Amino acid sequence: MKLKLIFPFLLALLCFAGFNNAAYAQPANDLCGAAQSLTVGVGSCTSIAYTNVGATTTGDPATPTCWQPNSMSHSVWFSFVATKADVEISTAIGGTLANTQLAVYSGSCGALTSIACQEDMNAGGGLLHTNVILHGLTIGNTYYILIDGNGNTTGDFGVCVQEALPLGPALPTQDCAGSQT
């Protein structure tokens, strides 16, 4: 009779312990060398849900200069191979982490060079996600994306990389000397 009472209790305890440990596990892409590979899309920006819950800053480069406050706490890594010289990277597509910050690097893990950084698109307008357009990438090279929650925040978010239009020709300049009434 006592076994019938103890078994449900032990089963519940084991299930709770298993879920509790999983909730605090580090994401697989916590380190640059384990960056989650993203495919460069064409014409649309969709994403599965990723998380930075349980992530650390172990092995990360210095905090990117554009991140305000200037801190890094739960960063995760992504990578993509440039299929075009011009791409757009967007984050915070749905999910609970609405205020993301990102940095983009060229090179290889351990020897990275920062090429772009953004903290908010327009904080005053309430656009707390990030959106970076890169031009002049080398087709075939791998680039790395570091994403964190602003101000020590965590949650799930989306990220996508898609082809962007190349830079257009420079606009003609207008000055007072050539003006007509």
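C117 is partly exposed in this predicted model, with a relative accessible area of 27%. The partner of C117 is C66, and the sulfur atoms of the two cysteines lie 1.9 Å apart in a disulfide. The S-S torsion of C66 and C117 is -90 degrees, a left-handed link. C66 belongs to the loop between β3 and β4 and C117 to strand β7, so this disulfide ties together parts 51 residues apart in sequence. C66 is likewise partly exposed, at 24% relative accessibility.

A search of the whole structure returns 3 disulfides. A further one joins C32 to C109, with 2.0 Å between the sulfur atoms. This link is left-handed, at -80 degrees about the S-S bond. Because C32 sits in the loop between α1 (2–23) and β1 (36–38) and C109 in the loop between β6 and β7 (111–118), the pair ties together parts that are 77 residues apart in sequence. C32 is buried, with a relative accessible area of 10%, whereas C109 is partly exposed at 31%.

C45 and C160 are also joined by a disulfide, with an S to S distance of 1.7 Å. The torsion about the S-S bond is about -80 degrees, so the link of C45 and C160 is left-handed. Here the loop between β2 and β3 (50–51), which holds C45, is tied to strand β11, which holds C160; the two parts are 115 residues apart in sequence. C45 is partly exposed, with a relative accessible area of 27%, and C160 is buried at 5%. With bonded cysteines counted along the chain, the disulfides follow the pattern 1-4, 2-6, 3-5.

The protein chain contains 1 helix and 11 strands. In sequence order the helix comes before the strands, in the pattern α-β-β-β-β-β-β-β-β-β-β-β. Of the contacts between residues at least 6 apart in sequence, 77% join residues at least 24 apart.

Strand β11 also takes part in an open sheet of 4 strands, ordered β2-β11-β5-β8, with mixed pairing. The edges are occupied by β2 (40–41) and β8; each has a single partner strand, so one side of each is left without a neighbour in the sheet. Within this sheet, β5 and β11 are antiparallel and pair over 5 bridges. T91 is placed opposite V159 of β11.

The largest nonpolar core comprises 23 residues, among which F78, F80, I89 and I145 touch the most other members. At least two residues of this core come from each of β4 (76–81), β5 (87–91), β6 (100–108), β8 (131–134), β9 (142–149) and β11 (159–163). A second, separate core has 9 residues, including C32, Y105, Y144 and L146. Beyond its neighbours within four places in sequence, F78 is in contact with N29, A35, Q36, L38, Y50, Y143, Y144, I145, I147, F157 and V159. The contacts of F78 thus include Y144, a member of the second core, and V159, the residue that T91 stands opposite.

Over the protein chain, 36% of the 181 residues are buried. The exposed surface of the protein chain amounts to about 10600 Å², of which carbon and sulfur atoms supply 60%.

Conventions: Residues are numbered from 1 along each chain as its sequence is written. This is a predicted model: local features need pLDDT of at least 70, side-chain atom pairs count only at pLDDT 80 or more; totals for chains, interfaces and linings use all residues. Side-chain values use heavy atoms; hydrogens and water are left out. A nonpolar core is a set of buried Ala, Val, Leu, Ile, Met, Phe, Trp, Tyr and Cys residues joined through side-chain atoms within 4.5 Å. Buried means under 20% relative accessible area, exposed over 50%, partly exposed in between (1.4 Å probe, protein chains only). Contact means heavy atoms within 4.5 Å. Accessible areas come from the Shrake-Rupley method with a 1.4 Å probe; for residues, only the protein chains shown count as cover. Two strands pair if DSSP finds at least two bridges between them. A disulfide is a pair of cysteine sulfur atoms within 2.5 Å.
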